[in-house]
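Visitor: Before we look at anything in detail, could you show me how to read a model of this kind, feature by feature?
Guide: Gladly; put your questions one at a time, and we shall take each from the general idea to the case at hand.

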Amino acid sequence: MTQRVIVVGGGLAGLAAAVRIAEAGLSVDLFSLVPVKRSHSVCAQGGINACNEVARQQGYSEYEHFDETIYGGDFLADQHPVLEMANWAPRIIDLLDRMGVPFNRTSEGFRDLRLFGGSLFKRTHFAGATTGQQLLYALDEQVRRYESQGSVVKYEYWEFLRPVVHEGVCGPRCVGIVAQDLRTMQVRAFRADAVVIATGGPGLIFGKSTNSIMCTGAAASRCYQAGAWYANPEMIQVHPTAIPGADKLRLMSESARGEGGRIWVPRRADDRRPPREIPEGERWYFLEEKYPKYGNIVPRDIATREIFDVCVNQGMGVGGENSVYLDLTHKDPDYLTRKLGGILEIYEKFVGDDPRHTPMKIFPAVHYSMGGLWTSFTPGSYTPAAPAPGHVSGTRAPIGSEIGMGLQPGAIENARTNIEGLYAFGEVSFAYHGANRLGANALLSCIFDGLFCGVGVVNYLRDGSPSKSPAGELDEAVFRRAAEQEERTLKRLLGTTGQPADERTNPYIIHKELGVEMTAACTVVREEGRLRQCLATIASLRDRYSRVRLGDLAAWTNQSLAFTRAVGDMLILAEALAMGAIERRESRGAHYRTDYPERDDAGFMKTSLAKYDAASGRTVLEFIPIDASLVVPRARTYGKKESAADPKKQAQAVGAT
Amino acid sequence: MTTTQARQSSARRPVPGRTIRLRILRCDGPGKPSRWETFSIKVESGANIISCLQQVAANPVTADGRATTPVVWDSGCLEEVCGACTMVINGKVRQSCSCLVDEYAPGEGDQITLEPMSKFPVVRDLWVDRSRLFHALRRVKAWVPIDGTYHLGHGPRESPDAQATRYVLSECMSCGCCLEACPQYNVEPDASAWDTSFIGAHAISQARLFNMHPTGRQLAGERLEALAGPGGVNDCGNAQNCVKVCPKHIPLTESIAAIGRQSTVHAIASWFARG
Ligand SMILES: Cc1cc2nc3c(=O)[nH]c(=O)nc-3n(C[C@H](O)[C@H](O)[C@H](O)COP(=O)(O)OP(=O)(O)OC[C@H]3O[C@@H](n4cnc5c(N)ncnc54)[C@H](O)[C@@H]3O)c2cc1C
Ligand code: SF4
Ligand code: SF4
Ligand code: FES
């Protein structure tokens, strides 16, 4: 029997992995909830970071990209993997370029660049306003090429239910998965010598977010419940300006504020007049009032916190709802069209109002999870005697960008979870972004995982356990048992359809309440008492979930069943998230505690590690040291005073997504 | 005039807190009969078709108070960039996530009709099987044949104009609107007929996209041959419905004309090569 690799997820990370592994001559089975071309990665607009020739001649380097990423992540990421990723970034852009990605061009025909948050150099490559879509399509096309040759087999509209973990002589090892066809509802076990999980982020735990509808985190939760560790669950990035919608919170680029947008709410909470009828004196420009220097262009986390405070704590949101005005109506409409056309159209399309004439309503939204499945790595050749101080732009980097400085190429431990044979690539992994992700670094990390760490998977098949004991030869009972367990869960859920669900047992209502609670307690501002209350709420939702009732007993294309199952997994991951937020008694990056407002390196420059205790069904949390052997931690201030005096630079540096 | 102004001048002002009716063509699965069901929906602010369907999923009771099953539909990004949620709304094919209720049903009791796309086999309710659309992309080899993923330097340089042309074509999200509107494109559940039935405007346009790329061009001959046979570019009746419904404003008729020209040149060249 030929060796096979299963890749679960067809976003950027999963597709890059599939291409790399198929190219090495192995067979890949690619699973996805949706046709891979429709994966969540299509949503990314802004761009992808990499050092480039222009920036290099101005004093930038791969090393600086690495240093920025560590600093931006507030010194929580393990440092060696980040170094390798930054060193690889220019090669990844070149490859995407060869694949035909229509990157924007300069008049001479070179790749154009834009400025993004967290850097003073232009290092963000982009393809119009849909970079993620363009990158995803390029990889999708390459996978289609392998599919035509038969080395990639796609299982689209199949849902991953659990890894098959075999207790071998040398400890647990992943030898396949159980999955379900979402049309026929058939449950099946699949054998594989290695499994790559590339299932993206968990935005739906917060109800509505900027994420796509499939981003439930259920796949990660299922690995977690099967014994994989989950790291830094509390690190969730909230974007300050999103467009509230009845179904989703769509991103509104920060360049709207950069171009002079003013944030305000009516001074009287019960003022229901249309915004343009409210006179200047009866408007509260709270950012301008509180931060006279920065005004509306305060750094992203501050803007997020203030807007949240005004709406959630003070109840001053527009019309009593969670929203504030982002007002551009004082600007010349033609100027706005020239500068912001694309993003204003999104607002117009989905809200039906023209932001040139009506103030936009916006609110912060959960956007990205820095936390994810814990993964290991094998450090590369750069091991300085002592960590270097923060890099100064324009000075010589201590090292070049040769392959293998940060990570050992092809090492089978790279991006592997604590379970042998089970890998985690892309947003579902915790590596690279620490406590806060820089704009345009996510697409990079996804593709880097697929390309670089994909080789480790290939080597694992050649040299690791599968070479001695292939999954194809293991006892059928291992797989049958795993599939039967999932079938039991399904039977239980389907058996609940007898009586109609009430408010307490309706899965959609349980999910809605979870989202509201998580958004209120576990996003922008956190505090121990409130987090404990959140934990209690999750416990009661879990209790209600144990009596959940399904609205559909169809044996064909039963979406309610799939959703309800995912809600159970979301509840478990939510608990890990809340516990991480409680135990991390400091403020770092996206995690802000009012009761512990300072960063505490001695106590918490550590990875929080959630382990699932299968017997009790509960999360057990511990802290483990990080690899900080390359750069010394420093305060993350972004030269506050200096950038206040130079609003132009500040305006350019926003716009990160 | 902006889209909004156009909208507002033609539309009535939406009534806040109103209830509307969602009339949905339902079907339990392939080979099962279809039926209409109507749901009463209390309109939330900012509601679109997806949020209305989410309400139905949470509380599947018809307008006349009968308990039913939740309606099944396909969706993903919810921002008109993945193509998943395409359906026929009030008789016109479009994405449901960008379909705002305020615009389609501004008055109390207004009705919106939802049907699955008719050119693809129904899986259940509003969810159709569009595998044939992706098969078409394989048929025209819609990829750049690169020499592997190891580092070999950058790609070809490209003028901003050429980039702009390719970018527009590359925004095709495989939604299938152009196929739903095309009189030459008919439902075909039998996969063995997919290589000879009409391929559709989207794939012809993708062939043009890859024929424009300096490396992609290497397969131009194979693409043109695939499009020369039955179900290829000659099956297009030039009705131009496709270009009118494409949500990404892809110049499909331009692409069809370009591929038509390339095919003629290619046919003559291969005829001479044979002689
Ligand atoms: C609005 C928005 C804008 C963004 N803009 C940028 C940007 O400009 N630059 C940047 O760098 N980053 C950006 N990001 C972040 C970035 O888009 C994501 O982090 C990245 O695309 C994640 O890719 P992925 O491959 O890890 O997963 P995804 O693209 O989320 O793909 C996940 C895949 O897993 C599959 N899957 C999930 N669960 C299962 C299951 N149970 N069974 C089977 N399959 C499953 C899905 O079908 C899908 O194919 C943005 C994010 C958002 C929300
Ligand atoms: S122009 Fe051709 S492809 Fe387009 S709708 Fe008409 S027949 Fe179909
Ligand atoms: S060409 Fe337009 S209508 Fe046709 S599939 Fe592509 S995006 Fe949809
Ligand atoms: S859900 Fe992606 S286009 Fe509508």
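Visitor: Which residues come nearest to ligand 1?
Guide: In this predicted model, ligand 1 has 39 residues around it, and those that come nearest are A:Ser39, A:Ser41, A:Phe160, A:Glu427 and A:Leu443. By class, that shell holds 17 nonpolar and 18 polar residues, together with four charged ones.

Visitor: Which atoms lie opposite the oxygen atoms of ligand 1 at A:Ser32, at A:Leu33 and at A:Asn441?
Guide: Here one should separate side chain from backbone. At A:Ser32 an N or O atom of the side chain is 2.8 Å from an oxygen atom of the ligand, whereas at A:Leu33 a backbone N or O atom lies 3.1 Å from an oxygen atom of ligand 1. At A:Asn441 a polar backbone atom is again involved, 3.5 Å from a ligand oxygen. As for cover, the protein takes up 99% of the 1000 Å² of accessible area that ligand 1 has on its own. The elements that give two or more residues to this shell are, in chain A, helix 1, strand 2 (27–32), strand 7 (158–168), helix 6 (218–225), strand 17 (360–369) and helix 11.

Visitor: How does the shell around ligand 2 divide by class?
Guide: The residues of that shell comprise eight nonpolar, five polar and no charged. Of the 13 residues around ligand 2, B:Cys182, B:Cys236, B:Ala239, B:Gln240 and B:Cys242 come nearest.

Visitor: Turning to the interface, how many residues of chain A are in contact with chain B, and how much area do the two chains bury?
Guide: One reads an interface by contacts and by area. In contact are 71 residues of chain A and 76 residues of chain B, and the two chains bury about 6200 Å² between them, with 51% of it on carbon and sulfur atoms. On the chain A side, A:Arg38, A:Arg98 and A:Phe350 lose the most area to chain B, together 14% of what that side buries.

Visitor: What should I look for in the way of charge and polarity there?
Guide: Side chains of opposite charge can pair when their charged atoms come close. Across this interface the rule finds six salt bridges; A:Arg105 and B:Glu158 meet in a salt bridge, at 3.9 Å from N to O. Between chain A and chain B, 37 residue pairs are in polar contact. Helix 5 of chain A gives the most to the side of chain A that touches chain B, with nine residues, and by class that side has 25 nonpolar, 21 polar and 25 charged residues.

Visitor: How many salt bridges are there over all chains, and what does the pair A:Glu306 and A:Lys290 tie together?
Guide: The count over all chains comes to 61. In the salt bridge of A:Glu306 with A:Lys290, the closest N and O atoms are 2.7 Å apart. A:Glu306 lies in helix 9 and A:Lys290 in helix 8 of chain A, so the pair ties together parts that are 16 residues apart in sequence.

How values were computed:
Residues numbered from 1 in each chain as written. Chains lettered and ligands numbered in written order. Predicted model: local features only at pLDDT ≥ 70, side-chain atom pairs only at ≥ 80, totals over all residues. Heavy atoms only, no water. Contact = heavy atoms within 4.5 Å. Buried area = accessible area lost by both parts, 1.4 Å probe. Salt bridge = Lys/Arg side-chain N within 4 Å of Asp/Glu carboxyl O. Polar contact = N/O pair within 3.5 Å; in protein donor to acceptor, adjacent residues only side chain to side chain. Helix = DSSP H or I, 4+ residues; strand = E, 2+ residues; numbered from the N terminus. Nonpolar A, V, L, I, M, F, W, Y, C, P; charged D, E, K, R; others polar. Near = heavy atom within 4 Å. Areas by Shrake-Rupley, 256 points an atom, 1.4 Å probe, with all protein chains shown as cover.
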